[in-house]
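Me: I am new to this structure and would like a close look at one part of it. Please take the last helix and explain how it sits against the rest.

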Amino acid sequence: MRQCPKITKNTLILFLKPFLPTNFPISNNKKNFETININKMNTLNLTHIYHICTLILVMMLGYTGMAKLVDFKGFRSAVLNQPFPSEWGERIAVGVPAAELLLVGLLLFDSTRLAGLVGSLVLMTAFTVYVGLIWIGAFERTPCGCAGILDALGWGEHLAVNLVFVGISVVGIYVYRK
């Protein structure tokens with residue numbers, strides 16, 4: 001049976017250091033009374049936020065892109081049911097999953113991550129505007145949804161989910177620029 005590693009005071013301090021207040025004493029030893037530097041703490045937390053935003057976008061875009069490819073026939077049919085010209089539908093049916101998977105690839109590498117974040121923001125904003133128009137009844141008929149588990153959501157919920165992902169993209173870009 002494998003033994004769990006021992007957690008020492010130093011290991012615990014290293015783990016908790018980013019989350020402790022700036023003036024929290026790290027050691028009881030009066031000679032070595034270290035405090036946490038607030039600038040290091042903010043940088044570390046922003047780095048965590050940046051990576052979490054990227055990871056969430058990679059998972060969402062990867063899932064939706066693959067779901068559309070796995071059920072390409074159903075996705076294509078749903079796209080052709082949308083209220084725009086059918087010649088657009090053919091291009092969109094191929095272009096949307098390709099764009100989502102391309103964005104996943106861009107988000108995976110530091111050198112292309114900003115392009116992936118901006119691309120995610122543009123794509124999610126376009127989806128959000130479209131879903132918003134459907135939700136307010138701008139089209140004669142309501143098209144069917146086309147993104148795996150989001151099919152089960154109503155248009156209001158779909159709009160809220162899209163707005164969350166727009167927000168995640170904005171936060172990722174903001175933190176990247178810091």
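Reply: What follows looks at helix H6 and then at the aromatic pairs.

This is a predicted model, in which local features need pLDDT of at least 70 and side-chain atom pairs count only at pLDDT 80 or more, while totals for chains, interfaces and linings use all residues. Residues are numbered from 1 along each chain as its sequence is written, and side-chain values use heavy atoms, with hydrogens and water left out.

The chain holds 6 helices and 0 strands, where helices (H or I, at least four residues) and strands (E, at least two) are DSSP runs numbered from the N terminus. Of its 178 residues, 31% count as buried, a term that means under 20% relative accessible area, with exposed meaning over 50% and partly exposed in between (1.4 Å probe, protein chains only).

Helix H6 has 23 residues, which at 1.5 Å a residue should span 33 Å, and its end C-alpha atoms are indeed 33 Å apart; the expected span is 1.5 Å times one less than the number of residues. Among the buried residues of H6 are Trp155, His158, Leu159, Phe165 and Ile173.

The axes of H5 (residues 113-135) and H6 (residues 155-177) come within 9 Å and cross at roughly 155 degrees, the axes being lines fitted to C-alpha atoms, for helices over the stretch in contact, with angles from 0 to 180 degrees between N-to-C directions. That crossing makes H5 roughly antiparallel to H6, since angles over 145 degrees count as roughly antiparallel, under 35 as roughly parallel, 65 to 115 as roughly perpendicular and the rest as oblique. By class, the contact of H5 with H6 has 17 nonpolar, 9 polar and 1 charged residues; Ala, Val, Leu, Ile, Met, Phe, Trp, Tyr, Cys and Pro count as nonpolar, Asp, Glu, Lys and Arg as charged, and the others, Gly among them, as polar.

The structure also holds 4 aromatic pairs, counted where ring centres of Phe, Tyr and Trp (its six-membered ring) lie within 6.5 Å, with planes under 30 degrees apart called stacked, over 60 edge-to-face and the rest tilted. One of them joins Tyr50 and Tyr176, whose ring centres are 5.8 Å apart and whose planes stand at 45 degrees, so the pair is tilted. Because Tyr50 lies in helix H2 (residues 38-70) and Tyr176 in helix H6, this pair ties together parts that are 126 residues apart in sequence. Tyr50 is buried, at a relative accessible area of 10%, whereas Tyr176 is partly exposed, at 34%.
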